[in-house]
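The exercises below ask you to read a fold from its overall dimensions down to individual side-chain contacts. Work through each task with the model in view before turning to the solution.

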Amino acid sequence: MCLAIPAEIVEINEAGMAKCRVGKSETYLNVSAMLLPHRPAIGEYVIVHAGFALRVLDKAEAEETLRLLREMSEAVEGQPAGF
């Protein structure tokens, strides 16, 4: 099974690669924005799968998705998720 995850863009370089932060964690991903219809902005949230930003999300949708993922992780692992 594959899982796409929301992440906030914190940097974008000239080549269109974005550094994204997952939730409130210290986990950062290097993500290609080449599949998006427009260049995203710093502070926007994107849904990330296999190193590619698939679409831009609004902040509320990204936070709700991360909340649900945390709940699922806690239910399975029995401890708070780190994101």
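## Exercise 1: Overall fold and dimensions

Among contacts in the protein between residues at least 6 apart in sequence, 36% join residues at least 24 apart. The model is a predicted one, and the task is to describe its order of elements and to decide whether its radius of gyration agrees with that of a compact globule.

**Solution.** Begin with the secondary structure, which consists of one helix and five strands, arranged along the sequence in the pattern β-β-β-β-β-α. Next, take the radius of gyration: because a compact globule with 83 residues would have a value near 12 Å, the 13 Å of this protein agrees with that expectation. Along the principal axes, the C-alpha trace spans about 40 × 25 × 25 Å. Finally, turn to the surface, where the protein exposes about 5,400 Å², with carbon and sulfur atoms supplying 56% of that area, while 29% of the 83 residues count as buried.

## Exercise 2: Strand pairing

Determine in which sense strand 1 pairs with strand 2 and with strand 4, and give a bridge partner for each pairing.

**Solution.** Start from strand 1 and strand 2, which pair in the antiparallel sense over four bridges; one of the residue pairs to locate is Ile 12 with its bridge partner Ala 18 in strand 2. These two strands form a hairpin with four residues between them, and Gly 16 in the turn has a positive phi of about 85 degrees. Then consider strand 4, with which strand 1 also pairs in the antiparallel sense over four bridges, and in which Tyr 45 is the bridge partner of Glu 8.

## Exercise 3: The nonpolar core

Identify which residues have the most contacts inside the largest nonpolar core, and which elements give two or more residues to this core.

**Solution.** The largest nonpolar core has 14 residues, and Cys 20 and Val 46 are those with the most contacts inside it. The elements that give two or more residues to this core are strand 1 (5-12), strand 2 (17-21), strand 4 (45-49) and helix 1 (59-77), and the largest share, three residues, comes from strand 1. To examine the surroundings of Cys 20, leave aside its neighbours within four places in sequence; its contacts then include Ala 7, Ile 9, Val 10, Leu 29 and Val 46, and also Glu 8 and Thr 27. As background, nonpolar side chains in soluble globular proteins tend to be buried together.

## Exercise 4: Two serines

Decide whether Ser 25 and Ser 32 are buried or exposed, and find the backbone atoms that their side chains approach.

**Solution.** Ser 25 has its place in the loop between strand 2 and strand 3 (28-32). Since residues under 20% relative accessible area count as buried, Ser 25, at 6% relative accessibility, is therefore buried. A polar atom of the Ser 25 side chain lies 2.6 Å from the backbone oxygen of Val 22, and a polar atom of that side chain lies 3.0 Å from the backbone nitrogen of Thr 27.

Ser 32, by contrast in location, lies in strand 3, and because its relative accessibility is 10%, Ser 32 counts as buried. The side chain of Ser 32 reaches the backbone nitrogen of Met 34 at 3.2 Å. Not counting residues up to four places away in sequence, Ser 32 touches Gly 16, Met 17, Gly 51, Phe 52 and Ala 53, and Gly 16 is the turn residue with positive phi from the hairpin of strand 1 and strand 2.

Technical notes
Residues are numbered from 1 along each chain as its sequence is written. This is a predicted model: local features need pLDDT of at least 70, side-chain atom pairs count only at pLDDT 80 or more; totals for chains, interfaces and linings use all residues. Side-chain values use heavy atoms; hydrogens and water are left out. A nonpolar core is a set of buried Ala, Val, Leu, Ile, Met, Phe, Trp, Tyr and Cys residues joined through side-chain atoms within 4.5 Å. Buried means under 20% relative accessible area, exposed over 50%, partly exposed in between (1.4 Å probe, protein chains only). Contact means heavy atoms within 4.5 Å. A polar contact is a pair of N or O atoms within 3.5 Å; within protein, one must be able to donate a hydrogen and the other to accept it, and residues adjacent in sequence count only if both atoms are side-chain atoms. Two strands pair if DSSP finds at least two bridges between them. The radius of gyration is taken over C-alpha atoms; the globule rule is 2.2 Å times the number of residues to the power 0.38. Accessible areas come from the Shrake-Rupley method with a 1.4 Å probe; for residues, only the protein chains shown count as cover.
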